[in-house]
Every structure is written in C-alpha cells, then in structure tokens.
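Reader: I'd like to learn how to read a structure by looking at a handful of its features. Could you walk me through one?

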Amino acid sequence: MNKVIDGNHVLRLGRWSIVFHQRAILVAALLGVALFVSCALSVSLGNGRTTGWTAVSALWDASDVAAWKIVHIVRMPRFVAGAVAGAALGLSGCLIQTLARNRLATPDLVGVNDGATVAVLVTMLGSTSGALGAWWAGPIGAVAAAVLVVLIAGSVGTTGYRILVVGIGLSVTIDAVTNLVLARQSIDDARGLFTWTLGYLNGRDYEIAIPAALGVAVLLPLVAVSTRQLQLLRFPDDTAETLGVSARRTRLWALLVAVLLAGLAVGIGGPITFVAMAAPILATGMAGPKKIPIVNAALVGALLVTVADTAGRAVGDVEIPVGVLTSLLGGPFLLWVLLRRKV
C-alpha cells in the first residue's frame with residue numbers, strides 16, 4: 001500500500017514500511033545526471049583522436065572499434081574505480097559522522113585510512129608501480145586499525161570523542177610507520193609507493209573496481225534498510241533503547257560497515273582525503289537534515305572523486321593525483337564548516 005504523508009511516499013509491505021522523501025529522491029536523480037556528465041568528461045580526455053565527442057559516443061557505439069577499446073578498456077575502468085571509491089568514502093563518512101555526532105569525524109581522523117594504507121603498502125613492497133597494490137588488504141588493515149582504536153579507547157562510547165582522540169594518536173603513529181617503510185625502499189620503488197599514498201587512480205581497472213563495487217553494492221542496501229536505527233542514534237542511548245533499538249549493537253555494526261567501506265576505498269585509490277567529510281555535509285545540505293543521507297552521500301562522494309580525478313588529468317602536462325586535489329579543496333571547505341554557526 002502506498003500513502004502520501006507530508007509530501008513523502010510511504011510504501012507498506014506487511015509489517016514493514018519504507019519512506020521515500022521526495023526532495024531526497026530529486027537530489028539523487030540530479031546527482032545521477034551529474035555523475036553521467038562526469039563520466040562523459042572523464043572518457044573524453046586523453047591523447048590521440050579518441051577525445052571529445054568521439055570518445056563519448058564510444059560509450060554506446062562500437063562502430064569505431066579502436067575508440068571503443070580505448071574508452072572501455074582504458075578509461076572507463078578508471079572512472080568506475082573512482083566512482084566506487086568515492087561512494088565508499090561518502091557512505092563511510094556519513095556513518096562515522098552519525099556515530100560520533102560530529103560533522104568533522106571521518107575515517108581519516110580515526111586512523112582507519114592510515115591502517116588500510118599501511119596494509120596495502122606492505123603488499124606493494126618490491127613493486128615499482130604504486131598502482132599494483134592488493135586492494136583486498138585495505139579492508140583488512142582498516143578493520144585491524146579500528147579494533148586497535150576501540151581496544152585502546154575502551155569502548156565505542158556514546159559521543160565518539162574518545163575514539164576521535166585515540167584515532168588521531170594512532171594516525172600519527174601509523175604515518176610514522178608508513179614513512180619508515182618508504183625510507184627503506186629504493187628510490188624507484190619509493191617513488192611509485194609515495195605517489196599511491198597521495199591518492200592515485202592511474203592503472204586501476206575492472207579487476208579491482210568490480211570486486212570493490214560488489215562490496216559496496218552489498219553494504220549500501222544493508223545500511224539503507226537500517227536508516228531508522230541509525231536515526232535514533234542521534235538521541236541518548238536510553239531513548240533509543242526505549243524505542244526498541246540496541247544502541248551499542250547498532251553502533252558497533254555501523255562502525256564495522258564504515259570501516260570496511262573506508263578500507264575498500266583505500267584499496268582502490270589510496271588515502272583520498274576530505275571526501276568522507278565533505279560528501280555527507282553536502283548531501284545533507286542538498287537533501288535536508290530530516291533523514292541521514294545514505295544514498296546521496298554515496299553519490300556526492302562518487303561525484304567528488306571522479307570530478308577531481310578528471311581535473312587532475314586536465315590541468316597541465318603532468319597528472320595531479322586525485323588525493324592532492326581533494327586535499328587542496330578540503331582545506332577551504334573545512335574552514336567553511338568551522339566558521340559556520342552550527343558545527
């Protein structure tokens with residue numbers, strides 16, 4: 001049964017009900033269109049004659065075999081990898097901000113990204129290309145770092161501040177370990193590894209993008225159907241328990257999902273900073289604060305990473321890693337958030 005309440009559609013299936021917010025749906029549709037435009041811009045950049053409309057038309061037209069191969073074998077895998085990494089970062093940041101009740105909380109601050117970076121870095125030792133790391137090591141390192149943070153902090157806590165403080169300390173320690181690993185490599189090996197630690201999508205293909213996309217495709221619906229429980233985490237634990245939600249169990253489960261998503265993103269493109277913080281804030285501003293922007297945060301994250309990656313390839317003769325551009329944009333964005341009335 002479908003009902004319309006306050007302009008929102010409520011779909012009831014037995015004892016289950018799903019609320020579709022019209023504004024959120026409209027924003028998601030517009031973000032989907034923007035993501036397609038980002039895809040067209042991404043594949044249209046390159047060397048040779050496969051540029052502009054020739055490259056864009058090759059997305060669906062296989063009459064030009066050479067252009068079709070360049071677009072679908074070389075350029076599209078990179079775009080898909082960036083979109084998946086961005087979506088994972090946006091969703092992970094949304095979950096962590098909800099748990100910490102703080103819009104500045106991100107996987108970067110709690111040590112998760114650094115743990116995933118070190119794990120992938122270890123699998124890349126001996127390689128001269130930073131694009132050849134084992135993506136599956138990212139989630140493993142992220143979970144290990146999260147477990148360490150929780151053990152040191154004593155618990156997940158109710159406000160998340162303890163985890164933030166411990167996470168910052170762990171990040172500093174892991175950064176030192178990362179620098180130590182790089183310092184013990186040869187110049188050629190260290191150059192490729194260092195480039196990857198900046199956040200880099202060059203060389204990423206479907207072999208990495210598809211398994212990571214399947215991981216995000218499994219985790220995203222699980223989070224979406226648990227929106228009510230996550231929404232109640234905004235209240236004190238006693239209130240959430242009264243409304244039938246186990247705050248501790250929900251918090252631990254959401255933290256695990258957020259950590260896995262952050263690890264997947266690092267495994268794909270390295271530690272791409274500030275996207276996990278910016279995506280949920282922008283999604284909330286566009287869709288409204290009434291509901292946690294699960295889907296829209298993922299879409300905004302995908303859009304931010306793919307646009308930054310395209311811009312990095314378009315500026316100058318030397319490609320700028322996507323993580324460098326997001327860091328440059330993230331600084332002013334952080335100041336904007338801090339200078340607003342409500343933080």
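Reader: Let me start with a single side chain: is Trp60 buried or exposed?

Author: Keep in mind that this is a predicted model. The label depends on relative accessible area, with exposed meaning over 50%. Trp60 comes out at 55%, so Trp60 is exposed. Trp53 is exposed too, with a relative accessible area of 60%.

Reader: How many aromatic pairs are there?

Author: A pair of aromatic rings is described by two things, the distance of the centres and the angle of the planes. In this model the count is 2 aromatic pairs. One of them joins Trp53 and Trp60: the ring centres are 5.8 Å apart and the planes meet at 65 degrees, which is over the 60 degrees needed, so this pair is edge-to-face.

Reader: And what kind of aromatic pair do Phe333 and Trp336 form?

Author: A tilted one, with 5.5 Å from centre to centre and 45 degrees between the planes. Both residues sit in helix H14, which covers residues 322-339. They are 3 residues apart there, about one turn of the helix. Their accessibility differs in class: Phe333 counts as buried at 16%, while Trp336 is partly exposed at 41%.

Reader: Zooming out, how many helices and strands does the protein have?

Author: The protein has 14 helices and 3 strands. Of its 343 residues, 49% are buried. For the contacts, take those with a sequence separation of 6 or more: 70% of them come from residues 24 or more positions apart.

Reader: How should I read a packed pair of helices, say H1 and H12: at what angle do they pack?

Author: Look at the angle and the distance between the axes. Helix H1 (residues 22-44) and helix H12 (residues 275-287) pack at about 125 degrees, and their axes are 9 Å apart. That angle makes H1 oblique to H12.

Reader: Which residues of H1 and H12 meet?

Author: From H1 you have Arg23, Ala24, Val27 and Leu31, and these meet Gly285, Met286 and Ala287 of H12. By class, the residues of this contact are 5 nonpolar, 1 polar and 1 charged.

Reader: What else can I look at along H1?

Author: Try Leu30 and Leu41. Leu30 lies in helix H1 and is exposed, with a relative accessible area of 55%. Its C-alpha atom is 9.9 Å from that of Leu299, although the two residues are 269 apart along the chain. Leu41 is in helix H1 as well, and at 49% relative accessible area this leucine is partly exposed. From Leu41 to Thr306 the C-alpha distance is 9.5 Å, with their positions 265 residues apart in sequence.

Reader: Where is Ala58, and which residues does Ala58 touch?

Author: Ala58 is in the loop between helix H2 (52-57) and helix H3 (65-100). Leaving aside residues up to four places away in sequence, Ala58 touches Ala67, Trp68, Val71 and His72. Despite its place in a loop, Ala58 is buried, with a relative accessible area of 2%. The C-alpha atoms of Ala58 and Ile70 are 8.9 Å apart, and these residues are 12 apart along the chain.

Reader: For another loop residue, is Gly244 buried or exposed?

Author: Gly244 counts as exposed, at 65% relative accessibility. You'll find Gly244 in the loop between helix H10 (237-242) and helix H11 (247-269). Gly244 and Leu232 are 12 residues apart in sequence, and their C-alpha atoms are 9.7 Å apart in space.

Reader: What phi does Phe274 have?

Author: Here's the background: most residues other than glycine have a negative phi. Phe274 has a positive phi of about 70 degrees, although this residue is not a glycine. Phe274 is placed in the loop between H11 and H12, and is partly exposed, with a relative accessible area of 24%.

Reader: One last item: how many disulfides does the structure hold?

Author: The structure holds 0 disulfides. To be counted, a pair of cysteine sulfur atoms has to be within 2.5 Å. As for the cysteines Cys39 and Cys94, Cys39 is buried, with a relative accessible area of 8%, and Cys94 is buried, with 3%.

Technical notes:
Residues are numbered from 1 along each chain as its sequence is written. This is a predicted model: local features need pLDDT of at least 70, side-chain atom pairs count only at pLDDT 80 or more; totals for chains, interfaces and linings use all residues. Side-chain values use heavy atoms; hydrogens and water are left out. Rings of Phe, Tyr and Trp (its six-membered ring) pair if their centres lie within 6.5 Å; planes under 30 degrees apart count as stacked, over 60 as edge-to-face and the rest as tilted. Buried means under 20% relative accessible area, exposed over 50%, partly exposed in between (1.4 Å probe, protein chains only). Helices (H or I, at least four residues) and strands (E, at least two) are DSSP runs, numbered from the N terminus. Contact means heavy atoms within 4.5 Å. Axes are lines fitted to C-alpha atoms, for helices over the stretch in contact, and angles run from 0 to 180 degrees between N-to-C directions. Angles under 35 degrees count as roughly parallel, over 145 as roughly antiparallel, 65 to 115 as roughly perpendicular and the rest as oblique. Ala, Val, Leu, Ile, Met, Phe, Trp, Tyr, Cys and Pro count as nonpolar, Asp, Glu, Lys and Arg as charged, and the others, Gly among them, as polar.
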